[in-house]
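Visitor: I am in my first year and would like to look closely at one part of this model. Could you take me slowly through the charged side chains and the strands that carry them?

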Amino acid sequence: LEPRFMAAPVRLDPYQVLDLSAEYRIRPTLRAFVDIRNLTNARYFDVLGFAARPIHFMTGIRWSR
């Protein structure tokens, strides 16, 4: 339920999102990764009137000593 000032709360629709995260070790000190959020590009509201992020992703390489 989303509270509103001086009014009855509004029931927001339920939602599900699917996230994916993977990492591959190339060498003991080198790793590649990918992180995908909202894989199905679901449209939903956490707060009434403010839509959540659409699908987005991040990729990269991590190097450590």
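Guide: Asp19, Asp35 and Arg37 are joined to one another in a network of salt bridges, and since this is a predicted model, please read every value that follows as computed from its atoms. Within this network, aspartate 19 forms a salt bridge with arginine 37, and the closest N and O atoms of that pair are 3.9 Å apart; with the cut-off for a salt bridge set at within 4 Å, the pair therefore counts as one. Aspartate 19 lies in the loop between strand S2 (7–10) and strand S3 (20–27), whereas arginine 37 belongs to strand S4 (residues 30–37), so this salt bridge ties together parts that are 18 residues apart in sequence. Arginine 37 also forms a salt bridge with aspartate 35, where the closest N and O atoms are 3.2 Å apart.

It is worth asking how open these three side chains are to their surroundings. Aspartate 19 is partly exposed, at 39% relative accessibility, and arginine 37 is likewise partly exposed, with a relative accessible area of 37%. Aspartate 35, by contrast, has a relative accessibility of 15%, and because buried means under 20% relative accessible area, aspartate 35 counts as buried.

The structure holds four salt bridges, and another of them links glutamate 23 with arginine 31, with the closest N and O atoms 3.0 Å apart. Both partners are partly exposed: glutamate 23 has a relative accessible area of 41%, and arginine 31 has a relative accessibility of 28%.

Now turn from the side chains to the strands. Strands of a sheet pair through backbone hydrogen bonds, and they can do so in a parallel or an antiparallel way. Here, an open sheet of three strands follows the order S3-S4-S7, and its pairing is antiparallel. S3 and strand S7 (56–63) are the edge strands, each of them pairing on one side only. On average, and with direction ignored, neighbouring strands of this sheet are turned by 10° against each other.

Between S3 and S4, which run antiparallel, there are seven bridges, and if you follow arginine 27 across to S4, you will find that its bridge partner there is leucine 30. To bring the two views together, remember that arginine 37 lies in S4, and that the network of salt bridges linking Asp19, Asp35 and Arg37 includes this residue.

Conventions: Residues are numbered from 1 along each chain as its sequence is written. This is a predicted model: local features need pLDDT of at least 70, side-chain atom pairs count only at pLDDT 80 or more; totals for chains, interfaces and linings use all residues. Side-chain values use heavy atoms; hydrogens and water are left out. A salt bridge is a side-chain nitrogen of Lys or Arg within 4 Å of a carboxyl oxygen of Asp or Glu. Helices (H or I, at least four residues) and strands (E, at least two) are DSSP runs, numbered from the N terminus. Buried means under 20% relative accessible area, exposed over 50%, partly exposed in between (1.4 Å probe, protein chains only). Two strands pair if DSSP finds at least two bridges between them. Axes are lines fitted to C-alpha atoms, for helices over the stretch in contact, and angles run from 0 to 180 degrees between N-to-C directions.
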